Amino acid sequence: MTSATELSARLCGEVSAEPVWGDEAGTVDRAALHQEVDRCVGLLVRHGVRPGVCVAVQLSPDAGLFALVLAIWRLDARAMLLDHRLTEAETASLTRLCRPAFRVRASAAGGHFTGRSELAVEPLADASPLPDQVCLVQFTSGSTGRAKVVGRSAASLDAELDRYADIEDMPGKDDRLLLLCSPVHTWGLIGGILHGLAAGLPVLIPSAQHGAAIARAAVALDPTAVFGVATHFDLIGKTAELPRLPRLRVATSAGMATGPAVAERFRLATGCRLGQVYGMTEVGVITADLAGLLPAPSVGRPAPGIDVRVTDGELCVRMDGTPYLVEDGVPRFTDGWLRTFDRAVIDGATGAVTILGRADSVVAIGGIKIDLMEIEQTLKEHPDVTAAVVTFGTVVEAHVAIRNGLTDRALAAWCRERMNPLKAKRYYLQDRLIETPTGKVVRDRVQLLSAFRERTAAADDAARGNQ
């Protein structure tokens, strides 16, 4: 079984001038990576990090972040990844679920992938014991409620890297990958950063995450592949000055379903079809159609070595054991199968998987079964709706991001022409919906209502102040 030390060695590779990471300002080669890993190892050892302990890493995405993870694994310790955009309260909430022995943060700002961070190592008390095989601790997005704590072994990461290498159209050493999604979460981390190291593929990061910056990065970095989430491709499609990127051959979205309008805008802007990957923090990649060869809403065929089935309408994935380090009382893993909580169908001829929505998205009202995801799709067809989440309390509630001054009265009238009035009783309209750090729209009803009330109160206060 692969150890964390062996995984680190595989990813570091041989010292060379081969570029591994970069941004608009320049690149980091493999020789510089080795130097930074050596520096981080020395720092960790001086602070008492030893095999088996858990080190929480909370850094912005620069060369030092991933060199630090590789250094932690070289010491056969465990890396816990925390998004640098989390507040102190959010960070404390997560680390109470699974307590690390150390936390590493930047003592000064880094310089993206062309610089290095000055690191501050902080010892912590009452560390949680972890299973021997765990080398990576991650937290799910929490878009549907409390984040779950996931442990990945070095062997599972090693196998996933082999799996990515075998996926049709996966970028390889002759490509240049522009990575738009967060490189500390599963799609960006394993499909982007770690696959890039294993395959000898330069991974390039834009200096900022707004549409114009992404467009500038695409021009400057001349990628042949782009990985992101739906939000990024929506931004790209709306950026009029984006060139066609003639070398671009693969563009793939993950995290949540990408709407057909977004995919078509992106195709018209770049000349490249938009593919889809479906996965989970608990498993990694599950299905893939990187080049968008299958018709929507398919999310592709199962990745090599992945076994899926549909049970009672819900997609399940075969696993050797539970991925969860902290149980929450919900039966998620039974008899070797992990529930995804996504409704799905599998095409008997092609094996392609289509995700139909969350398993808990169907509710009964007055004896009528109503699919909340179907309502969301209808709302998104309105030209002035940019995002929608539908929840259920005592009635169906639509949380909608709008533009051009769309009112709840006008939206309700538009909806009545297209669906049963039971399907949307309350409308909460805002300029934008709250998102997780990975760009997923939050789907938890309590959080959505709280955010709406806070923004409404702030707007009322501002209006009174202007009187």
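# Cavity, pocket and sheets of a predicted model

The largest cavity has a volume of about 50 Å³. It belongs to a predicted model of a protein chain whose secondary structure comes to 12 helices and 25 strands. With a radius of gyration of 22 Å, close to the 23 Å from the globule rule for 467 residues, the protein chain is as compact as a globular protein of that length. Along the principal axes, its C-alpha atoms fill a box of roughly 65 × 65 × 50 Å.

**Cavity**

- A search of the whole structure for cavities of 30 Å³ or more finds 1.
- The largest cavity is lined by 11 residues, and those closest to its centre are Leu178, Ala218, Val226, Ile236 and Leu245.
- Two elements, helix 7 (211-221) and helix 9 (260-270), give two or more residues each to this lining.
- The lining of the largest cavity is made up of 10 nonpolar residues and 1 polar residue, with no charged residues.

**Second largest pocket**

- The second largest pocket holds about 630 Å³ of space.
- Its lining has 25 residues, of which Ser153, Ser156, Met319, Asp320 and Gly321 are the closest to the centre.
- At least two lining residues come from each of strand 8 (149-153), helix 5 (154-166) and strand 17 (314-318).
- Among the contributors, helix 5 gives the most to the lining of this pocket, with 4 residues.
- By class, the lining of the second largest pocket has 12 nonpolar, 7 polar and 6 charged residues.

**Sheet of 9 strands**

- The 9 strands of one open sheet follow the order 2-1-10-9-11-12-13-14-15, and their pairing is mixed.
- Strand 2 (26-29) and strand 15 (301-302) are the edge strands of this sheet, each pairing on one side only.
- Within the sheet, strand 13 (residues 274-280) and strand 14 (residues 284-289) run antiparallel and are joined by 5 bridges.
- In this pair, Gln276 stands opposite Asp289 of strand 14.
- Helix 8 (residues 230-237) packs on the sheet and touches strand 11 (225-229), strand 12 (250-254) and strand 13.
- The direction of helix 8 makes about 115 degrees with that of strand 11.

**Sheet of 3 strands**

- Another open sheet has 3 strands in the order 23-24-25, with mixed pairing.
- Its edge strands, which pair on one side only, are strand 23 (385-392) and strand 25 (426-430).
- From one strand to the next, the twist of this sheet averages 20 degrees.
- Strand 23 pairs with strand 24 (residues 396-402) in the antiparallel sense, over 7 bridges.
- Val390 stands opposite Ala398, which lies in strand 24.

**Helices on the sheet of 3 strands**

- Helix 10 (residues 372-380) packs on this sheet, where it touches strand 23, strand 24 and strand 25.
- The direction of helix 10 makes about 160 degrees with that of strand 23.
- Helix 11 (residues 408-416) also lies across strand 23, strand 24 and strand 25.
- Helix 11 runs at about 130 degrees to strand 25.

Conventions. Residues numbered from 1 in each chain as written. Predicted model: local features only at pLDDT ≥ 70, side-chain atom pairs only at ≥ 80, totals over all residues. Heavy atoms only, no water. 1 Å grid on protein atoms, 1.4 Å probe; cavity = no way out; pocket = protein on both sides within 12 Å on 5 of 7 lines; lining within 4 Å. Points joined across faces, edges and corners; volume = space filled by probe spheres on them. Nonpolar A, V, L, I, M, F, W, Y, C, P; charged D, E, K, R; others polar. Pairing = 2+ DSSP bridges. Contact = heavy atoms within 4.5 Å. Axes fitted to C-alpha atoms, helices over the stretch in contact; angles between N-to-C directions. Rg over C-alpha atoms; globule rule 2.2 N^0.38 Å.
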